[in-house]
Amino acid sequence: MTALSLAASNNNAKAVQSLLNNGADLAILTCEGLSCMDIALNNRFHDVCMVIAKSDKWKEALVSTTTMESCLKVSPEVAKVILDKCIEYSGREIDKDYKVTYHFELLDPPPDKNETYYGPLAMKIARRHDLLGHPLTKKLLHTNWINGVRYIYYSQMFLLAAALVSLTLFLWWAARLMNDCHKKVLAEYKMSTGVDKIPNNSTFYADNENYCYEKLGYGVSKS
């Protein structure tokens, strides 16, 4: 364990700051494969996490997306500092060459890493609604929407609409079938009994269970 890891594990933010000022390497991991940020997050040492996040070497501490995911869950204040640093501003807003660059790697890793982590989803699960409204998160969601998510959404909406139309047509057909059946059964009943209306307690429908199937020609006779 390095001096930096030892200071982090003892929640000594001042020692961590001093070591960083003197060139301590945040990328060195413990035998368990943990960075100083991992140690601080696992123990919920907020001050140590904040010192690391505000340092110039903050990227070295985020050795994997697992670290960032833990940060989103454990310390949203520290996560906000990190997200702020993922946005680079070039020039002034009034300048023509003003440019804003967004770095999404900590929220949306490249596909070749085969990771299931997705920053906005982790925020939603952890109920970090303020981080969902962060400019970096909003820009990522907008970019993903433009680049393909909207087509998936529209496809799903089309399939849903098609299913609803099919269901509506089926219900219309079933209602028409029942109406025709009722009319023909009533006519049959009138011919056999001379009565214009079938009584509520009549067993005529039950006795003529196959009537709609056989007489209307809408399908195969019910067995």
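Helices here are DSSP runs of at least four residues, numbered from the N terminus. The model on screen is predicted.

**The whole chain**

Start with everything selected and colour by secondary structure. The chain has twelve helices and two strands. Read from the N terminus, the order of elements is α-α-α-α-α-α-α-β-β-α-α-α-α-α. The chain holds 223 residues, and 30% of them count as buried. Among contacts with a separation of 6 or more, 55% are between residues 24 or more positions apart.

**Stop 1: N144 in α10**

Select residues 135-193, which form helix α10, and find N144 within that helix. Is N144 buried or exposed? N144 counts as buried because its relative accessibility is 19%, and the cut-off for buried is under 20%. Now show the side chain of Y118 as well. The side chains of N144 and Y118 are joined by a polar contact of 2.7 Å.

**Stop 2: helix α4**

Move to residues 46-54, which make up helix α4. Which residues of α4 are buried? They are V48, C49, M50, V51, I52 and A53. To see what surrounds them, add α1 (3-9), α2 (13-21), α3 (36-42), α5 (58-61) and α7; the buried residues of α4 pack against these helices.

**Stop 3: α4 against α7**

Keep α4 and add residues 76-85, helix α7. Two packed helices are described by the angle between their axes and the distance between the axes. For α4 and α7 the angle is about 5° and the axes are 9 Å apart. Angles under 35 degrees count as roughly parallel, so α4 is roughly parallel to α7.

Show the side chains at this contact. On the α4 side, select H46, C49, M50, A53 and K54; on the α7 side, select E77, V78, V81, I82 and K85. By class, the residues of this contact are six nonpolar, one polar and three charged.

**Stop 4: α6 against α7**

Hide α4, keep α7 and add helix α6, residues 65-74. What is the angle between α6 and α7? The two helices pack at about 130°, with their axes 6 Å apart. They are therefore oblique to each other.

From α6, select M68, C71, L72 and V74; from α7, select P76, V78, A79, I82 and L83. Those residues make the contact. Nine residues of the contact are nonpolar, with no polar and no charged residues. V78 and I82 of α7 were also selected for the contact with α4.

**Stop 5: two cysteines**

Select C31 and C86. C31 is exposed because its relative accessible area is 81%, whereas C86 counts as buried because its relative accessibility is 3%. How many disulfides does a search of the whole structure find? The search finds zero.

**Stop 6: two loops with positive phi**

Most residues other than glycine have a negative phi. The last two selections have positive values.

Go to the loop between α1 and α2, where N11 lies. Phi of N11 is near 55°, a positive value in a residue that is not glycine. N11 counts as partly exposed because its relative accessibility is 37%.

Then go to the loop between α8 (119-125) and α9 (129-132), and select R127. Phi of R127 is near 60°, again positive in a residue other than glycine. R127 counts as exposed because its relative accessibility is 66%.

Methods
Residues numbered from 1 in each chain as written. Predicted model: local features only at pLDDT ≥ 70, side-chain atom pairs only at ≥ 80, totals over all residues. Heavy atoms only, no water. Axes fitted to C-alpha atoms, helices over the stretch in contact; angles between N-to-C directions. Parallel < 35°, antiparallel > 145°, perpendicular 65-115°, else oblique. Contact = heavy atoms within 4.5 Å. Nonpolar A, V, L, I, M, F, W, Y, C, P; charged D, E, K, R; others polar. Buried < 20%, exposed > 50% of the residue type's maximum accessible area, 1.4 Å probe, protein only. Polar contact = N/O pair within 3.5 Å; in protein donor to acceptor, adjacent residues only side chain to side chain. Disulfide = S-S within 2.5 Å.
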